[in-house]
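I opened this notebook to record what I looked up, entry by entry, with the cut-offs kept beside the values.

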Amino acid sequence: MVVARNTKYINEVRHFMAHAGHATNAQILDHLRKKYQGLMPTTVHRITGRLVDRGELILAPVAINNVGRFDANILPHDHFHCLKCDRLRDVELPPRLLKDMQSIVGDCKISGRLTIQGACSECLKEDNYGRQ
Ligand SMILES: [Zn+2]
Ligand SMILES: [Zn+2]
């Protein structure tokens, strides 16, 4: 019984992450609780931990409040991080740029990816409406 329920939750987390792309444990919990009111935070923590162990999720750049979040895109990629709404968008840097970055760090080897911070187009749009 317990195993079957866990499998159900794991599939729900997989499904949500495939749709959301990036999310914190709290966001996953919020979403799943619409359907499963009694779901415990520790269950979600355990599931995301297991999915990271299995390589189905990777760690994404942390949210503004420094809370860790997960990424459903497990291929190496870079991010644009909106500091207003905290959303992440996957971006792919051209190889030319990666080569420039490598020459900047010289003999050091780059293994991590880049997070570009700013305000996303949706937040900028809202800002403009606010000013009118
Ligand atoms: Zn934004
Ligand atoms: Zn990502």
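Before anything else I noted how elements are assigned: helices (H or I, at least four residues) and strands (E, at least two) are DSSP runs, numbered from the N terminus. With that convention I placed D86 in the loop between β4 and β5 (88-91).

**Entry: conventions.** I am working with a predicted model, in which local features need pLDDT of at least 70 and side-chain atom pairs count only at pLDDT 80 or more, while totals for chains, interfaces and linings use all residues. Residues are numbered from 1 along each chain as its sequence is written, chains are lettered from A and ligands numbered from 1 in the order in which they are written, and side-chain values use heavy atoms, with hydrogens and water left out.

**Entry: the whole chain.** I counted five helices and six strands in the protein, and reading along the sequence I wrote down the pattern α-β-α-α-β-β-β-β-α-β-α. The radius of gyration, taken over C-alpha atoms, is 18 Å, whereas a compact globule of 132 residues would have one near 14 Å, by the rule of 2.2 Å times the number of residues to the power 0.38. Along its principal axes the C-alpha trace spans about 55 × 50 × 20 Å. I then looked up burial, where buried means under 20% relative accessible area, exposed over 50% and partly exposed in between (1.4 Å probe, protein chains only); of the 132 residues, 32% count as buried. For contacts (heavy atoms within 4.5 Å), I noted that among those between residues at least 6 apart in sequence, 43% join residues at least 24 apart.

**Entry: zinc ion (ligand 1).** Which residues coordinate the zinc ion (ligand 1)? I found C82, C85, C120 and C123, each through SG, at 2.3 Å, where donors are N, O and S atoms within 2.8 Å of the metal (3.2 Å for Na, K and Ca), and water is not among the atoms, so sites may look incomplete. The donors follow the spacing C-x2-C-x34-C-x2-C along the chain. Distant parts of the chain are linked here, with C82 in strand β4 and C123 in helix α5 (residues 121-131), 41 residues apart. Both C82 and C123 are buried. The angles among the four donor atoms run from 103 to 119 degrees, and the site is tetrahedral, a label that requires all angles to lie between 85 and 135 degrees. For reference, ideal angles for four tetrahedral donors are 109.5 degrees.

**Entry: zinc ion (ligand 2).** Here I listed H22 (NE2), D71 (OD), H77 (NE2), H79 (NE2) and D90 (OD) as the coordinating residues, at 2.1 to 2.2 Å. Their spacing along the chain is H-x48-D-x5-H-x1-H-x10-D. Of these donors I checked the cover of two: D71 is buried at a relative accessible area of 1%, and H79 is also buried, at 5%.

**Entry: D78.** Strand β4 (residues 78-82) includes D78. Is D78 buried or exposed? I recorded it as buried, because its relative accessible area is 1%. Leaving aside neighbours within four places in sequence, D78 is in contact with R89, D90, V91, E92, L93, R113 and L114; the list therefore includes D90, one of the donors of the zinc ion (ligand 2). The side chains of D78 and R113 are joined by a polar contact of 3.0 Å. A polar contact is a pair of N or O atoms within 3.5 Å; within protein, one must be able to donate a hydrogen and the other to accept it, and residues adjacent in sequence count only if both atoms are side-chain atoms.

**Entry: helix α3.** I looked up two residues here. T43 is found in helix α3 and is buried, with a relative accessible area of 12%; apart from neighbours within four places in sequence, T43 is in contact with N6 and Y9. V52 also has its place in helix α3 (residues 41-53), but V52 is partly exposed, at 28%. Not counting residues up to four places away in sequence, V52 touches L57 and F70. The C-alpha atoms of V52 and K99, 47 residues apart along the chain, are separated by 29 Å.

**Entry: positive phi.** Most residues other than glycine have a negative phi. I noted a phi near 70 degrees for N66, which lies in the loop between β2 (58-60) and β3 (69-71), and N66 is exposed, with a relative accessible area of 61%. D86 has a phi near 75 degrees, again a positive value in a residue other than glycine, but D86 counts as buried, at 18% relative accessibility.

Technical notes. Four donors count as tetrahedral if all angles lie between 85 and 135 degrees; four count as square planar and six as octahedral if opposite donors are over 155 degrees apart and all others between 65 and 115; anything else is irregular.
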